[in-house]
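Q: I would like a close look at one part of this model. Please keep the description plain and give the cut-off behind each term.

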Amino acid sequence: MRILGVDPGLTRCGLGVVERGSGRSVALVAVDVVRTATELAPQLRLLAVAERMDQMLRDHRPDVVAVERVFAQDNVRSITGTSQVAGVAMLAAARAHLPVGLHTPSEVKASVTGNGRAEKAQVQEMVRRILNLTEVPRPA
């Protein structure tokens, strides 16, 4: 099974494709960070993210798309952009006729580390181990 994971963000949107092998093995297929300039109009920023997601879907043909669910924060501007990018990801998956799984940050952390309140450094290290990477993923 091949999964496209999306960590939505308007300034930085993380995209990663992993493939599940035999047993519990997971291999990294591709990773990208879509960066958009804050001075661009919001619709152009969303377009840039959408175009890169569409390219990842074409190039890597995942079976499913996993999107980090937006959670409530105090910063309304940040949550608005993140929500918009999550919507773009869900739309891209729907156009490709792929199922979408929505996961909260604490669900992702618990799945990777066993602790839903794990620090970012701990999550990075566990991702490095799970994917047999030589370095922790950057940016976080």
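Which residue takes a positive phi just after helix 1, and about how many degrees is the angle?

A: Arg-61 is the residue in question: it follows directly on helix 1 and has a positive phi of about 40°. The model is predicted, so local features need pLDDT of at least 70 and side-chain atom pairs count only at pLDDT 80 or more, while totals for chains, interfaces and linings use all residues. Numbering starts from 1 along each chain as its sequence is written, and side-chain values use heavy atoms, without hydrogens and water.

The helix that ends before Arg-61 deserves the closer look. Helix 1 covers residues 42-60; helices here are DSSP runs of H or I with at least four residues, strands are E runs of at least two, and both are numbered from the N terminus. At 1.5 Å a residue, its 19 residues should span 27 Å, and the end C-alpha atoms are 27 Å apart, so the two values agree. The expected span is 1.5 Å times one less than the number of residues.

The buried residues of helix 1 are Arg-45, Leu-46, Val-49, Ala-50, Met-53, Met-56, Leu-57 and His-60. Buried stands for under 20% relative accessible area, exposed for over 50%, and partly exposed for what lies in between (1.4 Å probe, protein chains only). These residues lie on the same side of helix 1 because they cover an arc of only 130° around the axis, the arc being that of the directions from the helix axis to the C-beta atoms. An α-helix has 3.6 residues a turn, so residues three or four places apart point the same way. The partners of this buried side are strand 1, strand 2, strand 3, strand 4 (64-68) and helix 2.

His-60 belongs to helix 1 and counts as buried because its relative accessibility is 16%. Leaving aside residues up to four places away in sequence, His-60 touches Arg-2, Val-17, Val-29 and Ala-30, where contact is taken as heavy atoms within 4.5 Å.

Arg-2, one of these partners, also forms a salt bridge with Glu-19, with 3.0 Å between the closest N and O atoms. That pair links distant parts of the chain: Arg-2 is in strand 1 (residues 2-7) and Glu-19 in strand 2 (residues 12-20), 17 residues apart. A salt bridge here is a side-chain nitrogen of Lys or Arg within 4 Å of a carboxyl oxygen of Asp or Glu, and by this rule the count comes to five.

Another of the salt bridges involves helix 1 itself. Arg-52 and Asp-32 meet through their side chains at 2.5 Å, N to O. Arg-52 is in helix 1 and Asp-32 in strand 3 (residues 26-35), 20 residues apart, so this pair too links distant parts of the chain. Arg-52 is partly exposed at 25% relative accessible area, and Asp-32 is partly exposed at 21%.

Leu-47 is likewise in helix 1 and is partly exposed, with a relative accessible area of 42%. Leu-47 joins Leu-40 and Leu-44 in a nonpolar surface patch of about 250 Å². Patches are built from residues with over 30% relative accessible area and no salt bridge; like charges are joined within 9 Å and nonpolar side chains (Val, Leu, Ile, Met, Phe, Trp, Tyr) within 5 Å. Areas come from the Shrake-Rupley method with a 1.4 Å probe, and for residues only the protein chains shown count as cover.
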